[in-house]
Every structure is written in C-alpha cells, then in structure tokens.
Amino acid sequence: LSRYENQITILSDYLEEFPETDEPVWILGRQHHLNTDKSKLLLDISARLWFTYRRKFSPIGGTGPSSDAGWGCMLRCGQMMLAQALICRHLGRDWQWEKHKKQPEEYHRILRCFLDRKDCCYSIHQMAQMGVGEGKSIGEWFGPNTVAQVLKKLALFDEWNSLAVYVSMDNTVVIEDIKKMCWSPPQSSSAAHSSAHVHRSALGRSNELIYLDPHTTQSFVDSEENGTVDDQSFHCQQAPHRMKIMNLDPSVALGFFCKEECDFDNWCSLVQKEILKQQSLRMFELVQKHPPHWPPFVPPTKPEVTTTGAELIESTDKLFELEEEFEILSV
C-alpha cells in the first residue's frame with residue numbers, strides 16, 4: 001500500500017481551497033482565471049514534479065541516513081526548481097501530466113535523474129555528497145544558496161541536459177558573465193540561472209503565493225525494469241498550499257530557465273523595465289559588465305575525471321579532494 005501513500009483526493013477538494021476572486025492566478029509564467037478555467041489551473045499545478053521527504057532509500061554514502069525527513073526540504077525544493085527547467089527544456093512549458101496516461105520517454109528520463117539512488121545525477125545522495133564541498137555534513141540542513149551551488153556543480157556531470165547554471169553574487173546578475181558561460185564549450189545554448197532575489201512588482205500585502213510543500217514523508221520509489229517510474233507520488237494532486245506574500249522568508253532563491261539566447265535577452269529587457277518601475281530599494285541588480293572590483297569570472301568546468309552513471313559519486317569525491325587541495329594551497 002505504500003505505493004499509494006499520500007495520494008490524492010478528488011478534484012472537488014481543490015475547488016473549496018481557492019477563494020472566489022476575479023484576480024488572475026499565475027503559475028510559472030502562465031495566467032489562469034479561477035472563474036473561467038479553474039480546472040486548467042489545477043491541472044497545471046498537478047503537472048509540476050513534486051519532490052518530498054522520502055524514507056527507506058539506500059543509506060547515503062553507504063552508512064549514512066536512509067531518509068531525509070527533517071533535513072532535506074531545501075534539497076527537495078532545489079530538485080523541484082531544476083526539474084521544472086528540464087521539463088521546459090525537453091517537453092515545453094505547455095506539457096501537461098495526466099494520471100495513468102502514457103508519457104514520453106523524455107519525461108521518465110527526467111524523473112530518473114531525481115530518484116533516490118546514488119547513480120542518479122540529481123538524487124538526494126548526490127546533492128548531500130556534493131554539499132560536503134560546501135561545508136555541509138550529510139544530514140545537515142541546506143540554505144537556498146548552498147542548494148544553488150550544489151546544483152551548479154552537479155550540472156557539470158550532466159551531459160544529457162548540458163545546462164549552464166549561473167548563481168548570482170551579491171544580488172547582482174551579470175549579463176556578460178552569463179553569455180560567456182553559455183558560449184563556452186562543452187555547454188550548449190541552454191542556460192538555467194538561479195539567484196537570490198525576489199521580483200516584487202505588483203505584489204501587495206494581499207497577494208498570496210501557491211506552493212508545493214516538501215514536508216511530507218513518502219516511501220522510496222525506484223524505476224521499473226522497462227525504465228518507467230510509477231510517478232503517482234511525484235505529482236501533488238491534493239489541495240495546494242497557499243501563504244501570504246508578506247510571510248515569505250527573505251532568504252530565497254529564484255530559478256529562471258532560458259533555452260536560447262533570445263529568451264535570455266527578453267528576460268533581461270523585462271527585468272530592466274521592472275527594476276526601473278521600483279520606487280523602493282531594489283532587491284537585485286542586472287548589469288551588463290562584470291564589476292571591475294570583483295575577481296575575474298571563470299566559467300565552471302568539469303574536473304578531469306572519467307565517469308559513467310554509477311561512478312558519479314566517485315567523481316564527485318574526486319572533486320571534493322581537488323577543492324580541499326585548492327583551499328590548502330590558497331591559504
């Protein structure tokens with residue numbers, strides 16, 4: 001019965017959770033109206049990949065925890081953010097998930113990237129191991145910036161998706177650095193960048209946020225022999241959570257996915273317009289050139305370590321050794 005744990009209620013349960021309002025509802029760039037297309041809104045929410053605490057997976061590092069309950073919530077949020085970028089990259093933003101409907105192979109391949117196994121590139125095992133290089137012990141809670149740094153490093157080993165991951169520094173997004181990184185081999189034209197800033201335009205004290213909560217513990221799910229995944233527990237089909245915007249923790253990371261350079265250019269234009277509208281203190285800056293008082297920007301590169309799927313952990317271990325050696329030499 002564990003396969004059906006935390007599984008869902010009927011659609012009518014959703015409908016009671018939303019207030020009657022004429023205000024538009026935005027889900028990751030798509031606008032919905034509760035009065036006319038509530039069902040589409042709910043389908044859009046349930047289509048997002050939902051990662052939560054899990055239990056009964058193989059111990060991290062061989063002897064570590066077999067559950068991330070109580071400490072893995074921010075890692076799961078990072079997984080959700082990156083998974084949405086991969087969905088957009090391979091299936092498009094308008095792709096929708098339906099229960100019991102056959103899904104394309106790309107979908108199952110994306111999902112397998114996040115399974116709780118040491119040989120999956122964005123698993124809880126890989127993220128916890130990579131966090132050691134960021135000063136976090138296995139089983140220790142991560143903050144948003146640590147999660148972003150970990151995903152940036154793990155993406156170097158992900159040849160299928162070929163993402164260039166940029167993490168902003170000092171609340172400043174540098175256009176020149178992002179373009180330099182995306183043009184550098186072996187990266188493709190795809191770019192995902194995550195940064196610790198919040199877009200506040202048009203956000204009043206009564207605008208609410210809809211969010212997927214990782215604080216639910218489910219049992220470990222593995223892939224089937226044919227490579228598919230029983231994905232029922234990876235989609236939140238129960239009433240989504242809501243919170244007041246003013247209750248949002250100020251320590252937050254936002255992720256933006258740009259598939260092509262023109263997407264990034266359009267994003268920059270939009271951000272510049274919104275920043276110019278701000279009457280209060282800006283939460284972040286978007287600049288064209290690398291600040292001269294900063295250290296030179298060097299696009300991250302994959303360490304010279306040969307790896308296949310099951311050997312990824314050993315490769316990241318090698319990366320830790322290189323980092324520690326660099327830190328010693330720097331001192």
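A salt bridge is a side-chain nitrogen of Lys or Arg within 4 Å of a carboxyl oxygen of Asp or Glu. In this predicted model, D44, R48 and R93 are linked in a network of such salt bridges. The exercises below treat the overall composition of the chain and then its individual contacts.

**Exercise 1. Describe the protein chain by its secondary structure, burial, contacts and surface.**

Solution. Begin with the elements: the chain contains 9 helices and 11 strands. Next, take burial: the chain has 331 residues, of which 45% count as buried. Then consider the contacts with a separation of 6 or more: 72% of them are between residues 24 or more positions apart. Finally, the exposed surface amounts to about 17,500 Å², and carbon and sulfur atoms supply 53% of it.

**Exercise 2. State how many salt bridges the whole structure holds, and determine which parts of the chain R117 and D222 tie together.**

Solution. A search of the whole structure gives 17 salt bridges. One of them joins the side chains of R117 and D222, with an N to O distance of 3.0 Å. R117 belongs to the loop between helix 4 (105-112) and helix 5 (124-131), while D222 belongs to the loop between strand 8 (217-219) and strand 9 (241-244); the pair therefore ties together parts that are 105 residues apart in sequence. As to exposure, R117 has a relative accessible area of 26% and is partly exposed. D222 is also partly exposed, at 31%.

**Exercise 3. Locate the partners of the salt bridge between K153 and E134, and classify each as buried, partly exposed or exposed.**

Solution. The side chains of K153 and E134 meet at 2.8 Å, N to O. K153 is in helix 6 (residues 144-154) and E134 is in the loop between helix 5 and helix 6, the two being 19 residues apart. For the classification, buried requires a relative accessible area under 20%. K153, with 14%, is buried. E134, with 28%, is partly exposed.

**Exercise 4. Characterise the packing of helix 7 against helix 8, and identify the salt bridge between these helices.**

Solution. Two packed helices are described by the angle between their axes and the distance between the axes. Here helix 7 and helix 8 pack at an angle of about 170°, and their axes are 12 Å apart. Helix 7 is therefore roughly antiparallel to helix 8, the cut-off being an angle over 145 degrees. Helix 7 contributes I175, I178, K179 and W183 to the contact, and helix 8 contributes E261, F264, D265 and C268. Among these residues, K179 and D265 form a salt bridge of 2.9 Å, N to O. Because K179 lies in helix 7 (residues 175-183) and D265 in helix 8 (residues 261-277), the pair ties together parts 86 residues apart in sequence. D265 is partly exposed, at 31% relative accessibility.

**Exercise 5. Analyse the hairpin of strand 1 and strand 2.**

Solution. Strand 1 (residues 24-27) pairs with strand 2 (residues 30-33) in the antiparallel sense, over 4 bridges. Within this pairing, W26 has Q31 in strand 2 as its bridge partner. The hairpin has 2 residues between the strands, and L28 takes a positive phi near 50°.

**Exercise 6. Place V252 in the chain and decide whether V252 is buried or exposed.**

Solution. V252 is in the loop between strand 9 and strand 10 (254-258). Its relative accessibility is 17%, so V252 counts as buried. The C-alpha atoms of V252 and N145 are 8.2 Å apart, although 107 residues separate them along the chain.

Key. Residues are numbered from 1 along each chain as its sequence is written. This is a predicted model: local features need pLDDT of at least 70, side-chain atom pairs count only at pLDDT 80 or more; totals for chains, interfaces and linings use all residues. Side-chain values use heavy atoms; hydrogens and water are left out. Buried means under 20% relative accessible area, exposed over 50%, partly exposed in between (1.4 Å probe, protein chains only). Contact means heavy atoms within 4.5 Å. Accessible areas come from the Shrake-Rupley method with a 1.4 Å probe; for residues, only the protein chains shown count as cover. Two strands pair if DSSP finds at least two bridges between them. Axes are lines fitted to C-alpha atoms, for helices over the stretch in contact, and angles run from 0 to 180 degrees between N-to-C directions. Angles under 35 degrees count as roughly parallel, over 145 as roughly antiparallel, 65 to 115 as roughly perpendicular and the rest as oblique.
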